[in-house]
Amino acid sequence: MDKLVIQGPTKLKGEVTISGAKNAAVAILPATLLIDGICKIENLPNISDVRTYCKILETLGAKITWFSDNEIEIDTRNIGCTQAPLDMTSRFRASYYLLGALLGRCGAAEVGIPGGCNLGARPIDQHIKGFEALGAKVDVAQGKISAKVKKLTGTSIYMDIVSVGATINVMLASVLAEGTTTIDNAAKEPHIVDVANFLNTMGADIRGAGTDVIKINGVKSLHGDTTYSVVPDQIEAGTFMLAAVASKGDILIKNCIPEHLDCITAKIVEIGGTVEDLGDSVRVSMNKRPNKAIVKTLPYPGFPTDLQPQMGVVLSVADGISTINESIWDSRFQYTAELNKMGAKIAPQGGKTAVFEGVKGLVGSQVCATDLRAGAALLVAGTIANGETHLYNLQHIDRGYENIEEKFRNLGAKIQRVSEPDETMCDT
Ligand code: EPZ
């Protein structure tokens with residue numbers, strides 16, 4: 001079991017280049033199943049979720065050629081199987097996109113009940129409602145979800161809650177359906193727009209992605225022979241923005257879309273930091289202790305839940321008492337127990353709110369990544385803490401951040417990955 005050993009404190013300074021978005025990539029890869037041809041994908045983040053997805057696509061009959069760490073070609077002309085391997089699909093959340101993509105391509109799909117980060121209940125009723133509205137029969141039994149349809153027919157679907165996954169899944173299932181599908185109360189995250197752009201580049205007719213009404217006019221087929229580049233990762237960019245603030249540093253964050261970062265920029269300015277919009281990069285600096293703040297996570301364009309733990313690190317050392325209200329997930333404050341081991345004073349008030357009594361500084365400790373973003377947050381905490389931090393459970397971080405320790409090292413962090421074959425202090 002690997003761990004990161006981090007020596008702090010460090011003021012993070014320098015440049016970092018943001019990778020392609022994980023949550024776009026894990027939807028674009030299954031979306032290739034809708035194409036009867038070959039396509040090339042660039043700016044693909046080299047993370048374990050992407051590598052796992054590629055293996056799953058290969059078991060379904062796709063042929064994948066890697067041109068570099070971030071560039072692949074996928075040939076989906078010979079998809080012969082609609083049953084995705086249960087052990088692999090139940091390991092991560094985004095495997096649910098195979099349902100929409102395989103239903104669209106083959107009229108049938110079977111995947112393991114999706115796993116992923118433990119953030120509380122993660123129902124998929126809105127996905128199922130969407131598939132059923134399009135004419136599919138869906139069964140959930142014995143650890144797997146099966147869906148079948150003779151012919152998908154476009155219809156109007158109102159999402160009872162704003163769901164990233166259900167919006168994308170219904171989009172995937174309806175691209176080749178007969179007629180027009182309308183998704184009302186759709187999610188608007190940058191990765192929704194990116195998946196729609198990918199599909200449109202391949203011949204789909206999707207309009208309104210990025211607003212709360214998406215219209216999909218079914219087409220007969222999607223063509224390949226096209227290259228698509230994955231959108232920069234909003235959450236990775238936000239992680240480095242908040243790392244600059246927490247460490248009182250100065251970071252130029254390259255290959256990002258500043259507009260996607262507006263809500264983070266606004267909070268950083270509110271707590272006393274500086275953000276410069278440079279077109280395809282942002283420069284974030286901080287020269288004092290952050291001010292206290294009230295933060296509420298919301299669907300895009302609100303403050304993202306996937307940056308809540310990283311913001312929690314900033315507020316744990318802010319001047320005054322701050323509050324975070326988590327409105328998306330029931331159990332996203334598990335990291336606060338780890339931060340408290342480092343000297344933070346955070347009191348979760350039930351699952352949805354936590355009160356942060358800012359302390360002057362953190363101290364190094366042994367901590368566990370309880371999920372992906374918690375892991376990134378604790379890494380930032382380790383770089384700003386006095387002394388040595390040992391961060392365990394790196395498999396969570398490796399799922400979603402490409403070369404994370406190298407990127408932090410380039411900013412001055414003293415951080416090493418160390419193998420510890422027998423020792424683990426985490427039971428998550
Ligand atoms: C996506 O998860 C992301 N994952 C998550 O990122 C992110 O936290 C989340 O969106 C919110 O932005 C991927 O894109 C692979 P949702 P998803 O459906 O699609 C409820 C990360 O760290 N809901 O938008 O699963 C649900 O319980 C990860 O990168 C239903 O009730 O999230 C939640 O409260 C973690 N029924 C809310 O909606 C449903 O059918 C939003 O969930 C679906 C969702």
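1. Start at P9. P9 sits in the loop between β1 (2-8) and β2 (13-17). The model is predicted. A cis peptide bond joins G8 and P9, with omega at about 0°. Most peptide bonds are trans. Look at this spot in the structure.

2. Now turn to N386. Which residues does N386 contact, leaving aside its neighbours within four places in sequence? They are G8, P9, L362, V363 and G364. So the two residues of the cis bond, G8 and P9, are both touched by N386. N386 itself lies in the loop between α12 (372-384) and β22 (387-392). N386 counts as partly exposed, because its relative accessibility is 49%. L34 is another story: N386 and L34 are 352 residues apart in sequence and 51 Å apart in space, C-alpha to C-alpha.

3. There is another cis bond to check. The peptide bond from Y300 to P301 is cis, with omega near 10°. P301 is in the loop between β17 and α10. G302 also has its place in the loop between β17 and α10. Is G302 buried or exposed? G302 is buried, because its relative accessible area is 15% and the cut-off for buried is under 20%. From G302 to Q83 the C-alpha distance is 37 Å, with their positions 219 residues apart in sequence.

4. Next, the backbone angles. Most residues other than glycine have a negative phi. N43 is not a glycine, yet its phi is positive, about 55°. N43 lies in the loop between β3 (38-42) and α2 (48-59). N43 counts as partly exposed, at 23% relative accessibility. N255 also has a positive phi, near 60°, and is a residue other than glycine. N255 is in the loop between β14 (250-254) and α9. With a relative accessible area of 31%, N255 is partly exposed.

5. Follow the chain into α9. This helix covers residues 262-270. Its buried residues are C263, I264, T265, K267 and I268. What do the buried residues of α9 pack against? They pack against α8 (234-246), β15 (274-277), β16 (281-285), β17 (294-296) and α10 (308-316). After α9 comes G272, with a positive phi near 105°.

6. T265 deserves a closer look. T265 is in helix α9. Why does T265 count as buried? Its relative accessible area is 19%, and buried means under 20%. Not counting residues up to four places away in sequence, T265 touches M241 and V275.

7. Now the nonpolar cores. The largest nonpolar core has 77 residues, and L29, L98 and L199 touch the most other members. Helix α1 (residues 22-31) gives this core its largest share, seven residues. L199 touches A31, L34, L172, V175, A204, I206 and L222, not counting residues up to four places away in sequence. A second, separate core has 68 residues, including V245, I268, I271 and F333. I268 is also one of the buried residues of α9.

8. Compare two residues around β10. T182 is in strand β10 (residues 180-184). T182 counts as buried, because its relative accessibility is 10%. Leaving out residues up to four places away in sequence, T182 touches T155, S156, I157, V213, I214 and K215. A187 is in the loop between β10 and α7 (190-201). A187 is buried too, with a relative accessible area of 0%. With the sequence limit of four places applied, A187 touches V162, S163, V164, T167, I192, T211 and I214. I214 appears in the contacts of T182 and in those of A187. A187 and K150 are 37 residues apart in sequence and 28 Å apart in space, C-alpha to C-alpha.

9. Last, step back to the whole chain. How many helices and strands are in the chain? There are 14 helices and 23 strands. The C-alpha trace spans about 60 × 45 × 40 Å along its principal axes. The radius of gyration is 21 Å, which agrees with the value near 22 Å for a compact globule of 428 residues. Of the 428 residues, 58% count as buried. Among contacts with a separation of 6 or more, 72% join residues 24 or more positions apart.

10. End with surface and charge. The chain exposes about 15,900 Å², and carbon and sulfur atoms supply 48% of it. There are 42 positive and 48 negative side chains. The centres of the two sets lie 3 Å apart.

Conventions
Residues are numbered from 1 along each chain as its sequence is written. This is a predicted model: local features need pLDDT of at least 70, side-chain atom pairs count only at pLDDT 80 or more; totals for chains, interfaces and linings use all residues. Side-chain values use heavy atoms; hydrogens and water are left out. Helices (H or I, at least four residues) and strands (E, at least two) are DSSP runs, numbered from the N terminus. Buried means under 20% relative accessible area, exposed over 50%, partly exposed in between (1.4 Å probe, protein chains only). Contact means heavy atoms within 4.5 Å. A nonpolar core is a set of buried Ala, Val, Leu, Ile, Met, Phe, Trp, Tyr and Cys residues joined through side-chain atoms within 4.5 Å. The radius of gyration is taken over C-alpha atoms; the globule rule is 2.2 Å times the number of residues to the power 0.38. Accessible areas come from the Shrake-Rupley method with a 1.4 Å probe; for residues, only the protein chains shown count as cover. Lys and Arg count as positive and Asp and Glu as negative; His and the chain ends are not counted. The place of a charge is taken as NZ of Lys, CZ of Arg, CG of Asp or CD of Glu.
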